[in-house]
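The report below describes the fold of one chain and the surroundings of a few of its residues. Please read it alongside the sequence and the coordinates.

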Amino acid sequence: MDAQTVTLSDAAARRIASIINSENDKHALRVSVEGGGCSGFSYKFDLVEGPEEDDVVITKDDATVLIDSISLVYMAGAEIDFIDNLLGQSFQIQNPNAVASCGCGTSFAI
């Protein structure tokens, strides 16, 4: 699958680079999709040392995001964004495959 199926906003790339640069032994942000959450699936974010064998590597500027091949199926065409507003700071995924999502922004249904 083409790594361009998931993109990073400029804000997300800056935030990911900032987080990675502050961690000595972590070099990438892993984004995965898991069963569960209030709408059926949920996103999970982890700092990791490097890619696994089946990971797609997405880079923008100094940011590196890893997505495993199974999660990528659910995220095709999505954009990872970073929101900083009065409600707080969070990564949000604009996923065109999600037919429903919940208020927490980390759970979705396909």
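Strands β4 and β5 form a hairpin with two residues between them, and D61 in the turn has a positive phi of about 55°. Helices (H or I, at least four residues) and strands (E, at least two) are here DSSP runs, numbered from the N terminus. The model is a predicted one, in which local features need pLDDT of at least 70 and side-chain atom pairs count only at pLDDT 80 or more, while totals for chains, interfaces and linings use all residues. Residues are numbered from 1 along each chain as its sequence is written, and side-chain values use heavy atoms, with hydrogens and water left out.

**The hairpin and its surroundings**

The two strands of the hairpin, β4 and β5, pair in the antiparallel sense over six bridges, where pairing requires that DSSP finds at least two bridges between two strands. Strand β5 also runs parallel to β2, to which two bridges join it, and L29 has V65 as its bridge partner in β5. Because six of the six residues of β5 are buried, this strand is largely enclosed by the rest of the structure; buried means under 20% relative accessible area, exposed over 50%, and partly exposed in between (1.4 Å probe, protein chains only). Both faces of β5 are covered, with A63, V65 and I67 buried on one side and T64, L66 and D68 buried on the other.

Residue D55 belongs to strand β4, which spans residues 55–60, and its bridge partner in β5 is D68. D55 counts as buried because its relative accessibility is 12%. Contact means heavy atoms within 4.5 Å, and, not counting residues up to four places away in sequence, D55 touches R30, L66, I67 and D68.

**Polar atoms close to two buried residues**

The table lists distances that involve the side chains of D55 and S9. A polar contact is a pair of N or O atoms within 3.5 Å; within protein, one must be able to donate a hydrogen and the other to accept it, and residues adjacent in sequence count only if both atoms are side-chain atoms.

| Side chain | Partner | Distance |
|---|---|---|
| D55 | side chain of R30 | 2.7 Å |
| D55 | backbone nitrogen of E52 | 2.6 Å |
| S9 | backbone nitrogen of A12 | 3.0 Å |

S9 itself lies in the loop between β1 and α1 and, since its relative accessible area is 9%, counts as buried. Leaving out residues up to four places away in sequence, S9 touches K60, E79, I80, D81 and F82.

**The open sheet and helix α1**

An open sheet of three strands has the order β1-β6-β7, with mixed pairing. Its edge strands are β1 (7–8) and β7 (88–94), each of which pairs on one side only. Strand β6 (residues 79–85) and β1 pair in the parallel sense over two bridges, and helix α1 (residues 10–21) packs on the sheet, touching β1, β6 and β7, with its direction making about 80° with that of β6. For this angle, axes are lines fitted to C-alpha atoms, for helices over the stretch in contact, and angles run from 0 to 180 degrees between N-to-C directions. The bridge partner of L8 in β6 is I80.

Within helix α1, A11 is partly exposed, as its relative accessible area is 23%. Leaving aside neighbours within four places in sequence, A11 is in contact with D81 and F82. The C-alpha atoms of A11 and I83 are separated by 7.7 Å, although these residues are 72 residues apart along the chain.

**The nonpolar core**

In soluble globular proteins, nonpolar side chains tend to be buried together. Here the largest nonpolar core has 22 residues, and those with the most contacts inside it are I16, V31, V65, I67, M75 and I80. Such a core is a set of buried Ala, Val, Leu, Ile, Met, Phe, Trp, Tyr and Cys residues joined through side-chain atoms within 4.5 Å. At least two residues of this core come from each of α1, β2 (28–35), β4, β5 (63–68), α2 (69–75), β6 and β7, and α1 gives the most, with four residues. Outside its neighbours within four places in sequence, I80 is in contact with residues including L8, S9, A12, V31, V65, M75 and F91.

**The chain as a whole**

The secondary structure comes to two helices and nine strands, following the pattern β-α-β-β-β-β-α-β-β-β-β along the sequence. Buried residues make up 37% of the 110 residues in the chain.
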